[in-house]
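Visitor: I have a new model open and would like to learn how to read it. Could you walk me through it?

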Amino acid sequence: LELKAVRATLAQDPDLLKLARIPLMLSLMTMAYQGLTSEQLHPLADKPARRQHLFEHYVAKMFTRRPLSTDCPFSQSQATTWLSNIAEGVAKHQQSVFFIERLQPTWLPSNRLCQLNRIIFGLVGGLIIGALFGLLGSLFGSLIDHLLFGEVYNLPARMIDGLLIGMLAGLVIGLPVSLLTELGSGTIKLVEEIKWHPPTLHQLRKLLQVGLVGALNGGLLSALLGALMGWLFGSLLTGLRIGLVVGVIAGLVAGLFSELGQFFSTSEFTRHKHPNQGIRNSAFNAMRMGLLYTLLFGSLAGLLVGISSGLWTGLLGGLIAGLTSGVLAGLFLYGGDSVVKHYSLRLLLALTGILPHPFSDRRLVAFLDAMHDRILLRRVGGGWTFIHRYLLDYFAGKQ
């Protein structure tokens, strides 16, 4: 009896009747129009208007059947706005499933926001790099103290000062770098799988040559600078020795670092079982490869410095070289930049009202699952899709 008006309307509306022959659409109609009168279901002007009418009632019915709780962090109006933004973004990028990790700067509505996204990445990257080199600078100063004077002066305070100064310098430098270069622009590429390619003998010889050339060039330049500093502080030979050791290690590490990446390849997964799995994989690989580079170059530098200048000096030298290599590798080669870009983008999407919860995957997933519970979205592995293409078109058309 409650669906009598629906049957009467279908009998008068061939286009709506054709739509009702799709099982899912018929199910939507029965849920959306249950209890409405014939007057409320009078035939509308055209097919788009009829679909609009259908889905307006369906969405309202879904929120009526499962109303949001009083302590829900979002309202029905906010939920439908976010669904509209997701539908528009998915349609714009010709996708069928919304994956959180597949968000790209092209989801931003203007070039101005894309530029702001690059600036945020530059500032965050500058902050990280500045903190690293500020910390390493304080360690390097302690290393020089130990070599010249045989002791280290107030290392904890020096490290805190170096960290703060480095972070400030990184912020100051990161802004113009992001404005004047393409750093932080382009597609966010996930680093989900890393494969090791064993080097050939030819590649090993080339790696050794590059390392030796870097050590030679770095040693000569740093020896001259060390000799100058030693002469100014009254110890020419000590300055020459320090400069030579530091230069050889820095040149060797830089040369090997530039060539080591050819033995690794990275790729993305085509499917994800868990929400934002791609970003978590990228973060894990950045830490894993950063640790590998830290141990590799830290051990190499520590051994070479330790042989020439003692255990304590070797530990400091290894720590400096290892941390530098590890952080740079993780941040720029193996996924760290993808993580920074992703959450920088999420921040802007939240500030412009496109998506909620910029830094909390759990809360964003909770919202999407809430829409799944109201039969608006359907969970597909680690992503979500609208229950029908017509519903996606409805939400995308609300913009």
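Visitor: How much area does the protein chain expose, and what share of it do carbon and sulfur atoms supply?

Guide: Happy to help, and please keep in mind that this is a predicted model. The protein chain exposes about 20,700 Å², and 66% of that comes from carbon and sulfur atoms. As for the inside, buried residues make up 45% of the 399 residues.

Visitor: How many helices and strands are there in the protein chain?

Guide: The protein chain has 14 helices and 4 strands. Contacts add another view: among those with a separation of 6 or more, 75% join residues 24 or more positions apart.

Visitor: How do I check the length of a helix, say α5?

Guide: Use a rise of 1.5 Å a residue, applied to one less than the number of residues. Helix α5 (residues 76-92) has 17 residues and should therefore span 24 Å, and its end C-alpha atoms are indeed 24 Å apart. Try α13 (residues 361-373) next: its 13 residues should span 18 Å, which agrees with the 18 Å between its end C-alpha atoms. For α12, the 16 residues should span 22 Å and the end C-alpha atoms are 23 Å apart, which agrees as well.

Visitor: Which residue takes a positive phi just after α5?

Guide: That is Q94, with a phi of about 55°. You can look past the other two helices in the same way: I375 takes a positive phi of about 55° just after α13, and G353 takes one of about 80° just after α12.

Visitor: Is α12 mostly covered or mostly uncovered?

Guide: Mostly covered, with 12 of its 16 residues buried. Among them are G336, V339, L345 and L349, along with D337, K341 and R346. In α5, the buried residues include W82, L83, I86 and V90. In α13, the buried residues are D361, L364, V365, F367, L368, A370 and M371.

Visitor: Why does D373 count as partly exposed?

Guide: Buried means under 20% relative accessible area and exposed means over 50%. D373 has 37% relative accessibility, so it counts as partly exposed. This residue belongs to helix α13. D373 and F63 are 310 residues apart in sequence, yet their C-alpha atoms are 10.0 Å apart in space.

Visitor: Which residues touch the most other members in the largest nonpolar core?

Guide: They are F98, F367, L368, M371, L376, F386 and L391, in a core of 51 residues. Take L376: leaving aside neighbours within four places in sequence, its contacts include Y58, F63, L83, M371 and F386. Another core, of 16 residues, lies apart from it, with V191, I194, L256 and Y293 among its members.

Visitor: Is N281 buried or exposed?

Guide: N281 is buried, because its relative accessible area is 19%. This residue sits in helix α10 (residues 277-309). Beyond four places in sequence, N281 touches V191, E192 and F269.

Visitor: Which residues form the nonpolar patch on the surface?

Guide: L168, V172, I173, V177, L183, F332 and L333 form it, with about 600 Å² of accessible area together. Helix α7 (residues 155-180) gives the most, with 4 residues. L333 is found in the loop between α11 and α12, and with a relative accessible area of 40% L333 is partly exposed.

Methods. Residues numbered from 1 in each chain as written. Predicted model: local features only at pLDDT ≥ 70, side-chain atom pairs only at ≥ 80, totals over all residues. Heavy atoms only, no water. Buried < 20%, exposed > 50% of the residue type's maximum accessible area, 1.4 Å probe, protein only. Contact = heavy atoms within 4.5 Å. Core = buried A, V, L, I, M, F, W, Y, C linked by side-chain atoms within 4.5 Å. Areas by Shrake-Rupley, 256 points an atom, 1.4 Å probe, with all protein chains shown as cover. Patch = residues over 30% accessible without salt bridge, like charges linked within 9 Å, V, L, I, M, F, W, Y side chains within 5 Å. Salt bridge = Lys/Arg side-chain N within 4 Å of Asp/Glu carboxyl O.
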